[in-house]
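I went through this structure with a few look-ups in mind: loops, backbone angles, charged pairs and one helix. My notes follow in the order I made them.

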Amino acid sequence: GALRSVARSVLAGERVERRFDESAQRVLEALVATGWSKAAAARRLRVSRQRLYERLAALNARHGIDVDLPQTRVELALEVWAVRMADLVG
């Protein structure tokens, strides 16, 4: 799927284009930063857990992403890291 191809690109050292909007990117970054704790991510984002679950449902509907799957978490963590690094180097 799309995540696996992104993970391959990251591991190959290729530049990864941002595919999530800013709001979705912030949600994913919060989840990665909190070790995938939804409660902690909601606090970090200053939203209710219910709102976070709504955002995750929208991510799943739009991109087919289930953040509860271990493989998806690894791939998303790589993608979040790669996008952030690309932002830093311009």
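**Entry 1: Trp36.** I started with Trp36, which I found in the loop between H2 and H3. I am working from a predicted model here, so the values in these notes are computed ones. I looked up the backbone of Trp36 and got a phi near 70 degrees, a positive value in a residue other than glycine. I flagged that because most residues other than glycine have a negative phi. Is Trp36 buried or exposed? I checked, and Trp36 is buried, with a relative accessible area of 14%.

**Entry 2: Arg46.** I then went to Arg46, in the loop between H3 and H4. Arg46 comes just after H3, and I read its phi as near 60 degrees, again positive and again not on a glycine. I also looked at the surface of Arg46: the residue is exposed, with a relative accessible area of 78%. So I have a buried tryptophan at 14% and an exposed arginine at 78%, each with a positive phi.

**Entry 3: helix H3.** Next I took the helix itself, residues 38-45. Which residues of H3 are buried? I listed Lys38, Ala40, Ala41, Ala42 and Leu45. I asked what these buried residues pack against, and I found helix H2 (22-33) and helix H4 (49-63).

**Entry 4: salt bridges.** I searched the whole structure and came away with six salt bridges. I wrote up some of them.

I noted Arg19 with Glu79, where the closest N and O atoms are 2.8 Å apart. Why does this pair interest me? Arg19 lies in the loop between helix H1 (2-11) and H2, and Glu79 lies in helix H5 (residues 70-89), so the salt bridge ties together parts that are 60 residues apart in sequence. I checked accessibility for both partners: Arg19 is partly exposed at 26%, whereas Glu79 is buried at 2%.

I noted Arg62 with Asp21 too, with 3.9 Å between the closest N and O atoms. This pair also links distant parts of the chain, as Arg62 is in helix H4 and Asp21 is in the loop between H1 and H2, 41 residues apart. I have Arg62 down as exposed at 63% relative accessibility and Asp21 as partly exposed at 40%.

My last pair was Asp68 and Arg73, whose side chains meet in a salt bridge at 3.5 Å, N to O. I looked up both: Asp68 is partly exposed at 44%, and Arg73 is partly exposed at 25%. Which residues share partners with this pair in one network? I traced it and found that salt bridges join Lys38, Asp68 and Arg73. That took me back to H3, where I had already put Lys38 on the buried list.

**Entry 5: Gln25.** I finished with Gln25, which lies in helix H2. I expected nothing in particular and simply read off the accessibility: Gln25 counts as buried, at 2%. What does Gln25 touch once its neighbours within four places in sequence are left aside? I got contacts with Arg18, Phe20, Val80 and Val83.

Conventions. Residues numbered from 1 in each chain as written. Predicted model: local features only at pLDDT ≥ 70, side-chain atom pairs only at ≥ 80, totals over all residues. Heavy atoms only, no water. Buried < 20%, exposed > 50% of the residue type's maximum accessible area, 1.4 Å probe, protein only. Helix = DSSP H or I, 4+ residues; strand = E, 2+ residues; numbered from the N terminus. Contact = heavy atoms within 4.5 Å. Salt bridge = Lys/Arg side-chain N within 4 Å of Asp/Glu carboxyl O.
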